[in-house]
Amino acid sequence: MTANYPPPLDPVPLRAQFPALQQIVSGQTAVYLDGPGGTQTPQSVIDAISQALTLGISNQGGPFLASIRTDAIVQAARAAIADLYNARNPEEIIFGQNMTSLTFAISRAIAQTWQPGDEIIVTRLDHDANISPWRLAAADRGVTVRWLDFDPTDCTLRLDTLPDLLNARTRLLAISFASNAVGTITDVRRAAQMAHAAGAQVYVDAVHYAPHDLIDVQALDCDFLAASVYKFFGGHVGALYGRYELLDALPAYKVRPAPAKPAGKWETGTQSFESLAGVTAAVNYLAAISGAAETRRQQLVQAMARIKAYEMGLSDYFLRRATAVAGLKVYGITDVERLAERTPTFAISLAGYTPEEVATRLGAQGIYVWHGHYYAVAVMERLGLLDKGGLVRIGFVHYNTYAEADRVLAALAQLAAERS
Ligand SMILES: Cc1ncc(COP(=O)(O)O)c(C=O)c1O
């Protein structure tokens, strides 16, 4: 560890910034372990959204203060996400309703460049938002869809088999940076290198990855990358990166007076400007987790390193204690030597209970976890669990504490004891 390396993250002062985390349910503070479904927002984000609406916003491009303010909100949000993703140019950032809608829009445009007989690759580890838009676009264009499988023993993608799927007809690889079901982080850089060598474009789903680890679209060398701000402490808005040349050249489905150039070319209709004010605040919240640094990007690099280190500690703590709960099975990577390869998102089953029963019993104690497939339909299918109610998902983010890990483990142990 170098002398100027930022000190370990302490979640307590950070938690204090989140009003939702202070709520009392059943006499105890609520435990939000539902981050992969959507994170809570700090007061600074709530204030930014509220202030935008309070001061008065209008639409873009007008010669009066409320419109000038609106233009400034959009520009600031683009610059913030460009820093978070390390895009070369803020015009490479497109906002939209959410990742799914953005992916449907861009997939339709990209598909215009495909020919019958072309091929694309999707993966079984992905959320359906990075599968169905591509399958539907492929069906429209007479394009073949190939599937990249994962190893069900540790839920890691079989990148070793990617070369077998790639050929001169492959036009696109759609791949997720991290699984929202089992937490596996994929070496997207390596996948992108293989795909590019075959002449295919790479579309990355970074929705689950974004709150946990550093995004760098230049280092990844991907062509597109999408995430959702509500998964990283902001409001409900999606943010897509695309290489400028591609965004410029691709045909967009748009109304006639819309801008001809990125990013406006891709932003159909009126954006949620108040949410965009929250986007900048969310990125600034993350940046402030770092120690001092010269630029916001440098702050984000440090902040995400602190978050990652803290979350790996939490994963280690959770996994070591989970083995003591009778009948509890964790899916995905469980080797504590490999925690850098996963997010602290744990898909589990508990013997004697359906996932829905577990989530309901924990929910009654104010412990919020998801159950089912969480739209990772292909993952549950591959694990043979889709028609069995899926799994329970316990998802930590940096505002969760070791004490919360203890609470959920104690509640699970209690359930296990009831039906042993
Ligand atoms: C990995 C992943 N991809 C895509 C999505 C879809 O994102 P959105 O709700 O922004 O459409 C989600 C949402 O849970 C997700 O977890």
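These questions and answers cover the pockets and one sheet of a predicted model.

This is a predicted model: local features need pLDDT of at least 70, side-chain atom pairs count only at pLDDT 80 or more, and totals for chains, interfaces and linings use all residues. Residues are numbered from 1 along each chain as its sequence is written, and side-chain values use heavy atoms, without hydrogens and water.

Me: Which strand supplies the largest share of the lining of the largest pocket?
Reply: A pocket is an open set of points on a 1 Å grid over the protein atoms alone, where a 1.4 Å probe fits, with protein on both sides within 12 Å along at least five of seven lines; lining residues have an atom within 4 Å of a point. Helix H4 (99-111) and strand S16 (370-372) each give at least two lining residues; helices (H or I, at least four residues) and strands (E, at least two) are DSSP runs, numbered from the N terminus. The largest share, 3 residues, comes from S16.

Me: Which residues lie nearest the centre of the second largest pocket?
Reply: Its lining has 21 residues. Nearest the centre are Gln60, Pro259, Gly264, Glu267 and Gly269.

Me: What are the edge strands of the sheet S13-S14-S17-S16?
Reply: The sheet is open, with antiparallel pairing; two strands pair if DSSP finds at least two bridges between them. An edge strand pairs on one side only. The edges are S13 (328-330) and S16.

Me: Which residue of S14 is the bridge partner of Leu328?
Reply: S13 and S14 (residues 345-350) pair in the antiparallel sense over 3 bridges. The partner of Leu328 in S14 is Leu350.
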